[in-house]
Amino acid sequence: MTLAFQAHHTETSESQETEDRMSRYEPSKIEAKWRERWAETNIYEVDMRAAKRPFYNLMMFPYPSAEGLHIGNVFAFTGADIYGRVKAMQGHDVFEPFGYDAFGIHSENFALKQNIHPMTLIRDNVNNFREQMKRLGTRIAWSHEVDTTDPAYYRWTQWLFLQLYKQGLAEKRSAPVNWCPSCKTVLADEQVIAGKCERCSTEITHRDLEQWFLKITDYAERLLNNLNWIDWSPVIKTAQRNWIGRSEGLQTRFAIEGTSESVTFFTTRPDTIFGVTFMVLAPEHALVDQITTPDQKDAVDKYVTEAMAKTAVDRQQAERTGVFTGAYARNPLNNERVPIWIGDYVLATVGTGAIMAVPAHDTRDFDFARKYDLPIRVVVAPSDWSGGELAEAYTDAGTLVNSGEFDGMASQDASEAIVKKLESDGTGERTVAYRLRDWLISRQRYWGTPIPIIYCDDCGTVTVPEDQLPVELPYVENFRPTGTAQAPLALADSFVNTTCPECGKPARRETDVLDTFVDSSWYFLRYPSTEFDERPFGRELTEKWLPVDNYIGGKEHAVLHLLYSRFITMALHDMGHLSFEEPYKRFRAHGVLVLGGAKISKSRGNIVSPDDYYASHGADTLRAYLMFSGRYDEGGDFSDKGIEGVSRFLHRVWDLVERYRGQEGEPQLTDEAERLLHRTIKRVTQDISNLKFNTCIAAMMEYSNELQQREALHVREIETLILLLAPFTPYVTEELWARIDRTYSVHQQAWPAFDNELAKLQEVEVAVQVNGKTRDIIEAAAGSEEAAVVALAKQSERVQRHLGQSEVVKTIYVPDRLVNFVTKG
RNA sequence: GCCGAAGUGGCGAAACUGGUAGACGCGACGGUCUCAAACACCGUUGCCCUUAACGGGCGUGCCGGUUCGAGUCCGGCCUUCGGCACCA
């Protein structure tokens with residue numbers, strides 16, 4: 001990365017300019033001044049109660065890392081800020097808050113590495129972030145700042161947990177969970193990426209532990225259905241649909257011979273049920289111990305132990321393996337005996353943790369059958385099937401064979417018929433299965449919100465009474481994770497030992513802390529209500545400001561924060577705390593900035609700080625450059641190669657204003673100039689609403705290029721240019737606004753309006769084609785009659801040369817765009 | 001493997017519902033200014049052929065199709081990025 005420091009303002013040029021009574025644009029001389037003025041005059045604060053046209057403009061609050069804001073954050077926040085600034089100029093009372101998602105493994109791991117206590121570390125980081133955000137020139141309402149590690153905030157995170165608990169949506173249960181051996185804590189499924197820890201990329205193992213879960217699966221159907229109407233970027237909706245993973249099928253069971261038990265399983269292919277030649281249970285399946293025959297016990301025990309020790313990645317990549325349990329089940333449809341195996345390709349957490357194996361029609365079962373020499377029976381015939389053995393599993397639909405009364409039916413009809421039969425027998429039922437699983441929220445770490453639960457020998461699990469919140473996170477010297485299922489807080493006796501709120505006897509506190517995503521699942525509800533100490537959010541303010549009008553953030557949270565916060569909002573709605581069930585009216589995903597093709601991160605050593613650019617070019621130039629150099633929703637590879645172009649543009653705008661100030665008298669605004677003015681306003685206004693900031697800036701560049709050609713400038717041209725630019729470059733426009741003696745602040749002015757009629761071109765260029773090839777371009781008045789334009793087109797010498805002697809068989813006319821002569825031959 | 005997005009000059013990128021491909025900017029080249037340089041400003045800049053001038057051909061990842069006309073629509077590939085991944 002090379003920074004080009006340019007001397008725009010050398011000693012010589014300065015003195016020359018002074019003679020001309022012209023000044024030079026020097027960002028460093030104006031930015032601090034206006035930042036102070038904005039703070040003194042509170043222009044970005046909102047009267048939350050009196051606001052007439054409330055508009056909640058939200059950006060994703062960041063994790064305040066020690067490295068400070070990087071260029072990717074700046075890119076994201078600038079776009080959101082521009083949007084908020086335009087809305088404000090359009091007459092809305094824009095509320096644009098900011099905060100810090102400062103609990104969590106990331107902060108804690110860093111604190112461990114640096115050997116600084118997170119309480120100290122985070123405070124410093126937050127201060128640094130706040131300063132950098134202020135320098136960026138955002139219109140944040142700083143009086144509503146939120147910090148998830150502040151007891152005044154997490155008190156209400158605990159309150160939220162208690163409400164969920166009372167509602168039966170939070171429960172502690174034993175389950176196989178994802179364990180990160182490096183972070184030494186459990187993780188939610190959403191935090192496991194391809195079998196690895198989201199934070200440190202260590203391969204995940206599984207443990208059976210008593211853990212707290214939030215029952216997000218109760219809301220699976222609603223979370224899915226609401227996606228049909230919320231106004232969100234399609235990418236995110238798709239990601240959520242896939243994650244929820246709804247599938248319809250049949251749940252049924254095969255009785256186990258010689259016991260009263262049966263194996264329950266789910267299948268999306270009831271049409272293949274006659275092809276079952278064995279069954280497979282997950283090694284962790286509850287029935288394994290019960291049904292294993294004595295002669296198979298050693299083999300089974302050994303296999304189970306080995307499977308449990310493997311990482312998720314190993315279990316996925318390894319060859320299919322399994323062991324026979326010695327037990328048999330009976331297929332009720334054909335009364336066949338089928339052997340029951342265990343195998344680690346069947347996952348305990350998917351469906352019922354057991355499958356009917358149909359090797360002929362499932363690739364995984366096919367491989368398994370081949371390996372252990374189990375029978376493969378075709379029951380769904382491919383269209384070209386001659387009755388022989390299959391070389392590989394046939395997984396598509398077909399015609400049923402070897403399936404008794406269902407022979408000859410098509411797959412879909414057969415599925416339907418088989419489900420009906422099992423339903424009427426009472427041995428099966430239609431079921432909807434989801435891929436989504438409950439949200440695991442316990443963490444065996446220190447740096448998080450304590451779970452407000454107390455265990456009493458007599459009273460059992462007891463909630464901390466709401467008036468005793470918050471359960472404060474104690475300062476402990478040794479906050480290192482223990483590596484066992486115990487959290488560091490378990491070692492802090494003064495924290496653990498308490499009394500039971502119900503019976504008063506000695507009791508123990510829960511020592512796990514909450515997943516950070518619980519903290520962030522409701523922060524947008526807190527922002528408008530930061531003034532309240534006695535409740536998480538006020539009803540009136542919440543009704544007035546929520547749901548969020550515009551939320552801009554990264555796609556990386558598609559199935560984490562964005563799914564969790566929808567769930568929490570729905571649950572609070574159902575408990576009567578909120579009148580709405582979707583938190584964000586509109587969500588737009590911005591792109592990700594990368595550097596040299598790699599994601600920006602400290603570990604890659606490719607952090608680019610905005611500070612260097614603040615110093616070399618000013619915050620305005622950085623903002624405008626980031627917005628100009630590509631699409632906001634796509635992001636891309638960051639390079640500062642073109643920053644000089646944007647810098648030049650801002651200098652030109654400055655010089656234009658200076659020229660205007662120095663000019664004598666004022667010219668008439670010609671009709672043509674008037675039209676260009678309206679056209680520019682229209683382009684910028686429309687592109688902003690679609691977050692196409694790059695083309696906005698291009699339009700303003702074109703406009704200023706045009707103004708530069710003028711002998712003299714009209715006041716409306718100068719004013720409009722400053723106003724249009726104001727959301728993008730707030731400092732320099734404030735300065736220029738003052739320089740033309742307008743009232744403070746430019747950011748409180750009305751957004752320029754355009755007249756659609758005036759924005760239209762009067763003269764248009766019409767392409768004249770012969771057989772689809774453009775041969776000439778002619779000028780015509782906009783809205784001309786077809787006959788007139790065609791006549792004009794025919795007169796063109798170039799067109800005539802191409803027409804030659806050929807006969808025109810067809811003439812296409814597209815008003816104001818083109819004429820196409822189609823000739824014969 | 002499945003789902004999603006995208007492939008356009010030397011580079012970042014534009015292009016409304018199928019209608020002048022390359023706006024805007026970077027870089028490069030030429031010029032003005034300067035003792036000189038930097039800055040600034042003016043001009044040229046998709047590729048190829050050709051001309052004194054005019055002109056002509058090709059061109060939006062590849063192959064094909066629809067259409068008077070395709071960057072845009074359809075079919076089939078290739079590549080890149082993102083997401084999910086033994087989901088039964």
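This report covers the RNA-facing surface, the salt bridges, one sheet and one helix residue of a predicted model.

## The surface around the RNA

RNA strand B has 56 residues around it. Thr-267, Arg-315, Arg-364, Ser-629 and His-802 come nearest. Of the strand's atoms that come within 4 Å of the protein, sugar and phosphate account for 65%.

Sorted by class, this surface has 19 nonpolar, 18 polar and 19 charged residues. Helix α23 supplies the largest share of it, with six residues.

## Polar contacts with the RNA

Two contacts use the protein backbone. A polar backbone atom of Phe-266 is 2.9 Å from a sugar or linking oxygen of RNA strand B. Lys-641 also places a backbone N or O atom by a sugar or linking oxygen of the strand, at 3.2 Å.

Lys-692 makes its contact through the side chain. One of its polar side-chain atoms lies 3.0 Å from a phosphate oxygen of RNA strand B.

## Salt bridges between helices

The whole structure holds 52 salt bridges. One of them pairs Glu-702 with Arg-683, at 3.1 Å from N to O. Glu-702 sits in helix α23 (residues 693-708) and Arg-683 in helix α22 (residues 671-689), so the bridge ties together parts that are 19 residues apart in sequence. Glu-702 is partly exposed, at 45% relative accessible area. Arg-683 is partly exposed as well, at 33%.

Arg-739 and Glu-658 form another bridge, with their closest N and O atoms 3.3 Å apart. This pair links distant parts of the chain: Arg-739 belongs to helix α25 (residues 730-739), Glu-658 to helix α21 (residues 643-662), and 81 residues separate them. Is each partner buried or exposed? Glu-658 is buried, because its relative accessible area is 4% and the cut-off for burial is under 20%. Arg-739 counts as partly exposed, because its value is 21% and so misses that cut-off.

## A shared network and a further pair

Some bridges share partners. Lys-33, Glu-658, Arg-661, Glu-735 and Arg-739 are joined into one network in this way.

The side chains of Arg-430 and Glu-423 also meet in a salt bridge, at 3.6 Å from N to O. Arg-430 is partly exposed, with a relative accessible area of 43%. Glu-423 is partly exposed too, at 34%.

## A five-stranded sheet

Five strands make up an open sheet. Their order is β2-β1-β27-β28-β10, and the pairing is parallel. Which strands form the edges? They are β2 (93-95) and β10 (231-232), each pairing on one side only.

Inside this order, β27 (residues 550-554) and β28 (residues 586-590) run parallel and are joined by four bridges. Gly-554 has His-590 of β28 as its bridge partner.

## Asp-413 in helix α13

Asp-413 lies in helix α13, which covers residues 411-425. Its relative accessible area is 47%. That makes Asp-413 partly exposed, because the value falls between the 20% and 50% cut-offs.

Asp-413 and Asp-271 are 142 residues apart in sequence. In space, their C-alpha atoms are 8.4 Å apart.

How values were computed. Residues numbered from 1 in each chain as written. Chains lettered and ligands numbered in written order. Predicted model: local features only at pLDDT ≥ 70, side-chain atom pairs only at ≥ 80, totals over all residues. Heavy atoms only, no water. Helix = DSSP H or I, 4+ residues; strand = E, 2+ residues; numbered from the N terminus. Buried < 20%, exposed > 50% of the residue type's maximum accessible area, 1.4 Å probe, protein only. Salt bridge = Lys/Arg side-chain N within 4 Å of Asp/Glu carboxyl O. Near = heavy atom within 4 Å. Polar contact = N/O pair within 3.5 Å; in protein donor to acceptor, adjacent residues only side chain to side chain. Nonpolar A, V, L, I, M, F, W, Y, C, P; charged D, E, K, R; others polar. Pairing = 2+ DSSP bridges.
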